[in-house]
Amino acid sequence: MASEVVWPQWRGNAKSEDATRCKYVTKNAQLGDGCFSVVKECMNIYTRDRYAMKLISKKTVQGKLWLIQREVKLLKEVSGRIRDLEHSGTQCKDTFEGHHHVLQLFDYFETPQHIVLVTQLCDHGDLYDKIIEAGSLDLSKQVKPYAACLLSAIHFLHSNGVVHRDVKAENIIFRLRISELDEFARRGSHYDHTSHDVVLADFGLATKLDSGDEELKECVGTISYLAPEVVKCNNIARMAPSESRKIPAYGELIDIWALGVLTYFMMTGYMPFDCDTDDETRKCITEGDFYVEDSLRDDEQPHNAHFWNFIHLCFNVSASERPSAHNLRKHPFVQEFFHDDDDSEPFGDKIALRKSTSSSSIHNLGTPSRSSSVSNIAHLGRNDSIPEMMRSGSRDYDLNKIRETLKKTLSMASLTLPRAGSVSKASQNKENSTFKLEPAPPTQSLMNGCFSLTPESKSNFTTSPCVSRNPSSNDVTRLMSATDSNSTSLTGRSTAPGRELTSESFKASNAHPNNPIKTDIRAQFDL
Ligand SMILES: Nc1ncnc2c1ncn2[C@@H]1O[C@H](COP(=O)(O)OP(=O)(O)OP(=O)(O)O)[C@@H](O)[C@H]1O
């Protein structure tokens, strides 16, 4: 048996004749970028379906390709699970179904410079911009349904043994609205129906819960959103083994803490634990010491009380006492969006925590624990007080400065880590979801991990790719050859990519004029 070849395997020396022709064209403009990647809109030249293409620079992740392997492997597994669930046709009464709100991977390949992931297109902005532009979101119409929707996505991941580790506003993106489902507006739902378009993205730091202690002791994530148990892992790589052994591995509940930070950010427009320095921020996180503005704290409205109680439960510094995603679905703040048959009461007395005398109780913060000396002002680039700044109105503050400082919320440090080990039946029944298991590219038009030259870039997609790319029969055969190599996987390929495209393979496949795959592709090209 041939030994398994690790993917990706091309390190920049590939000759162009060894490459499969790219099945996508991209737009010139970027949809977004991150520390290691740029994301562009792309179109499959055969199906004309649009996707997002994340181009991860091989140079930037040099020596750390395992990180990308982990991301692709996880996204493949999760996308497979989403497909299974949709095809199973199970009925669900929940307003939000977790797997509808997790980014799907459709295809992946490599070029001389990049590892490329082709995912669902979410080109309607991200939650970060939505919050910053509005100053803060409306509690009933937006904060609640967004939090419920994200909770459903997190619950789905946790139920499938995945911890995301980077839940934050920048990683919450809005998918392309499916127009016929503007039904929500007609029904006059009491909440912002864009919450049905929310997608949790960026699985760059996600890992399996059974991946072992080493990975679950990595101090990764985004500082403003880190849970105390992750903060404890800070500098673990530099600790003596005897010391690092004493640090407990964390679990999936770090995502619940991050959900609390995000829910707080949606409601207030600022970060609960941010301080002048990272050390101060870590200290506040470890102590569960978050800032509460007087006007918000004193608001006794019941929906406000539920919000603060929800936050309070998410910010329990003791992970073992923090509720699970499953239990949080029953919290009065989000309960209306879920319909669990199980009627057990997960919180008991804890639902009254807000009235407790605990020093971390919101009600007992006589003065905000984040006083002017230890405040998150510096993160926002101002030296006056947060309440004043926030009260001065969302239009008044310098958006660029905020954006710059909150860029601190970029995922950090994963590269410095030590190496560790078609529309389904079901969706027709789901009146509350804008999710559709599509587009579903025919298998013939996928890259499935092969090596290709960098996709052609266009200012827009108005020119017919069939015309602009003038495909030859040679190209058709190349596609077939590549398709035939679908055994390619993240961790292994049975054929070296270059071998798929030799003149021998071209002749061999041309020797079968009735090959159905070939006929199909030729038809798409009007050949
Ligand atoms: N599927 C998508 N559709 C539209 N835009 C996207 C999509 N995926 C990502 N983006 C945009 O690109 C940005 C960067 O993507 P992503 O967070 O996956 O990259 P990254 O390199 O892992 O970033 P980070 O530095 O946060 O880890 C996102 O913040 C978002 O604005």
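This report walks through a predicted model of one protein chain and its ligand, from the overall fold to single residues.

## The chain as a whole

Let's begin with the broad view. The chain has 527 residues, and 54% of them are buried. Its secondary structure consists of 19 helices and 10 strands. The accessible surface amounts to about 22,500 Å², and carbon and sulfur atoms account for 49% of that area.

## Around the ligand

Which residues come nearest to the ligand? The shell has 22 residues, and those that come nearest are Cys-35, Ser-37, Lys-54, Gln-120 and Cys-122. Sorted by class, the shell contains 9 nonpolar, 7 polar and 6 charged residues.

If you are tracing the shell by secondary structure, strands are a good place to look. β1 (24-33), β2 (37-44) and β3 (50-57) each contribute at least two residues to it. Among the contributors, β1 gives the most, with 3 residues. At the level of domains, at least three shell residues come from domain 1 (16-119 + 441-511), and at least three from domain 2 (121-200 + 208-432).

Three pairs of polar atoms between protein and ligand are worth finding in the viewer:

| Residue | Protein atom | Ligand atom | Distance |
|---|---|---|---|
| Phe-36 | backbone N or O | oxygen | 3.5 Å |
| Cys-122 | polar backbone atom | nitrogen | 3.0 Å |
| Asp-202 | polar side-chain atom | oxygen | 3.0 Å |

How much of the ligand's accessible area does the protein cover? On its own the ligand has 620 Å² of accessible area, and the protein covers 91% of it.

## Strands β1 and β2, and the loop after β2

Now for some individual residues in the strands. Thr-26 belongs to strand β1. With a relative accessibility of 2%, Thr-26 is buried, because anything under 20% counts as such. Its partner for a distance check is Tyr-51: the two are 25 residues apart in sequence, while their C-alpha atoms are 9.3 Å apart in space.

Cys-42 sits in strand β2. Its relative accessibility is 0%, so Cys-42 counts as buried. Between Cys-42 and Asn-309 there are 43 Å from C-alpha to C-alpha, and the pair is 267 residues apart in sequence.

The loop between β2 and β3 holds Arg-48. Although Arg-48 is not a glycine, its phi is positive, at about 65°. Is Arg-48 buried or partly exposed? Its relative accessible area is 36%, so Arg-48 is partly exposed.

## Helix α1

Helix α1 covers residues 65-88 and includes Gly-80. The helix has 24 residues, and the distance from its first C-alpha to its last is 34 Å, close to the 34 Å expected at 1.5 Å a residue. Gly-80 has a relative accessible area of 27%, which means that it is partly exposed. Gly-80 and Glu-287 are separated by 207 residues in sequence and by 40 Å in space, C-alpha to C-alpha. After α1 comes Gly-89, with a positive phi near 70°.

## Helix α3 and what follows

Helix α3 takes in residues 139-159. Does its length suit a helix, and where does it stand in the fold? Its 21 residues should span 30 Å at 1.5 Å a residue, and the C-alpha atoms at its ends are 28 Å apart, which agrees. As for its surroundings, 18 of the 21 residues of α3 are buried, so the helix is largely enclosed by the rest of the structure.

Both ends of α3 have a detail to look at. At its start, a side-chain oxygen of Asp-138 comes to within 3.2 Å of the backbone nitrogen of Ser-140. Just after the helix, Gly-161 has a positive phi of about 70°.

A little further along, Arg-165 lies in the loop between β6 (162-163) and β7 (172-174). Phi of Arg-165 is positive, near 70°, in a residue other than glycine. How does Arg-165 stand with respect to the surface: buried or exposed? Arg-165 is buried, because its relative accessible area is 4%.

Terms used. Residues numbered from 1 in each chain as written. Predicted model: local features only at pLDDT ≥ 70, side-chain atom pairs only at ≥ 80, totals over all residues. Heavy atoms only, no water. Near = heavy atom within 4 Å. Polar contact = N/O pair within 3.5 Å; in protein donor to acceptor, adjacent residues only side chain to side chain. Areas by Shrake-Rupley, 256 points an atom, 1.4 Å probe, with all protein chains shown as cover. Helix = DSSP H or I, 4+ residues; strand = E, 2+ residues; numbered from the N terminus. Nonpolar A, V, L, I, M, F, W, Y, C, P; charged D, E, K, R; others polar. Domains from an automatic or database assignment. Expected span 1.5 Å × (residues − 1). Buried < 20%, exposed > 50% of the residue type's maximum accessible area, 1.4 Å probe, protein only.
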